[in-house]
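Colleague: I am new to this one. Could you walk me through the terms as we look at it together?

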Amino acid sequence: MDRHHVIIIGAGIVGVSCAHQLIQRGSRVTLIEAGPGPGVQGATAAGMGHIVVNDGEPEILKLCLRGREMWRQLLDENVGDRGYWNTGTLWLAEDEEQMHGLEGARDRLHSAGVDSHTVQASELFDLEPALNRDLAGGLRIPHDGVVYAPKVTARLLSQTTEVESRFGTRVTRVGDGLVTLEDGTEMKADAVVIASGISLLDNLAGEEDSPWKQNLKILPREGHLAITARGTGILRHHVVEAGYQKGAHGVVEEAVACAILPRPTDQLCLGSSRRPGRAGAVDPGVLKKVIDRCERFVPGVRRLPILRSWTGARAATMDGKPLIGPVPGWNRTWLVGGFEGLGITQAPAAAELLAQRIHAETCTLDAGPWDPGRMPALSAGGRSD
Ligand SMILES: Cc1cc2nc3c(=O)[nH]c(=O)nc-3n(C[C@H](O)[C@H](O)[C@H](O)COP(=O)(O)OP(=O)(O)OC[C@H]3O[C@@H](n4cnc5c(N)ncnc54)[C@H](O)[C@@H]3O)c2cc1C
């Protein structure tokens, strides 16, 4: 009998994670990517790389927690930009009210089994001497970390033997178990996995008028980031302001918040912004706001030399939850996307869930919340990196 064959569209961190999980279950995998290599374009190339478990919706927390656990198993710890750098996250409170909010987050995280502890102002500066002295305190989540997503994606693929990778090849149409390439070639498979990021729903054949497609859209949420020169690594933790979550839920307005990620290359990645409905070039005004916000928490950061700044588009769904499951009404074509600002964290867990469903195994996590056929929520949402 022929081996179970899966075509995966998209070699970002999610598509490659799916390849890894499916090969482990004995599938034959063909990976089709429009770009010249794995993880070199799309959100994987643009993201920060914070592996984060934070207070929020319980199902999303479980997906992040499983993702973080899997990254820590998959990658060697603290081995530069090809491993898992266990920086921890430090959420920063500007005043007592925010500190109170972080205490509530700590209690909810504890009940979900996540190690975390609050840090008083005096201890905060022992942990991170570069922080502003007027902060009220923080919440430390010690097992969060940092990965360099393009490198980790390439590494995972190189370790996943037997994948047939076709780079520089664009898919133009997807049917149920059927893929058409831009040169007109048609390919059939036992299963097709669409992991094409922001264009997740673009090529589905004959689905334009389906009610589920009208309601389950993929919306871009632009983010601005900048990277400092080497020798500027003045932080050990990934530091984020406590108010960050508010901006992450925004629908219409622009939101800017301090999120600074230390890289093992002795650099800092400065972020971040959110502008719903767009994905454009770097806007110097928005970038200045991002850096000013970082300056509020880490004085002097705006004087560090910036090597590069860029934007990326987070792929958000209407209800803020990813899509992991079959195209509604189809049996052989599966969606895995819509991770907004958490796709690097969640990629292995989402891939595991998808592979378990394709192979009709018992699932580690509940698949229900992510099913593309779920009742669409009509108010837009979304969540953060
Ligand atoms: C500014 C920013 C900061 C972020 N920070 C974080 C963070 O700190 N932590 C975190 O967990 N997440 C973060 N994210 C989110 C994370 O980067 C994404 O959720 C994740 O990378 C999505 O991966 P993906 O593989 O689904 O999509 P992508 O990386 O976009 O990959 C999709 C791939 O599909 C290919 N493709 C598309 N269409 C076709 C086609 N028709 N034919 C063939 N190939 C096709 C593309 O070329 C691309 O390579 C951030 C995102 C942004 C934009």
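Modeller: Gladly. Domain bounds here come from an automatic or database domain assignment, and that assignment gives domain 1 (5-46 + 150-217 + 319-370) and domain 2 (86-144 + 218-316). This is a predicted model, where local features need pLDDT of at least 70, side-chain atom pairs count only at pLDDT 80 or more, and totals for chains, interfaces and linings use all residues. Residues are numbered from 1 along each chain as its sequence is written, and side-chain values use heavy atoms, leaving out hydrogens and water.

Colleague: Which domains supply the shell around the ligand?

Modeller: Domain 1 and domain 2 each give at least three residues to the shell.

Colleague: What makes the pair between the ligand and Glu33 a polar contact?

Modeller: A polar contact is a pair of N or O atoms within 3.5 Å. An oxygen atom of the ligand is 2.6 Å from an N or O atom in the Glu33 side chain, so this pair qualifies. A ligand nitrogen atom also lies 3.0 Å from a polar backbone atom of Met48, and a ligand nitrogen atom is 3.1 Å from a polar side-chain atom of Ser199.

Colleague: How many residues of domain 1 and domain 2 are in contact?

Modeller: Contact means heavy atoms within 4.5 Å; by that rule, 13 residues of domain 1 touch 14 residues of domain 2.

Colleague: And how far apart are the C-alpha centres of the two domains?

Modeller: The centres of domain 1 and domain 2 are 29 Å apart.

How values were computed. A polar contact is a pair of N or O atoms within 3.5 Å; within protein, one must be able to donate a hydrogen and the other to accept it, and residues adjacent in sequence count only if both atoms are side-chain atoms.
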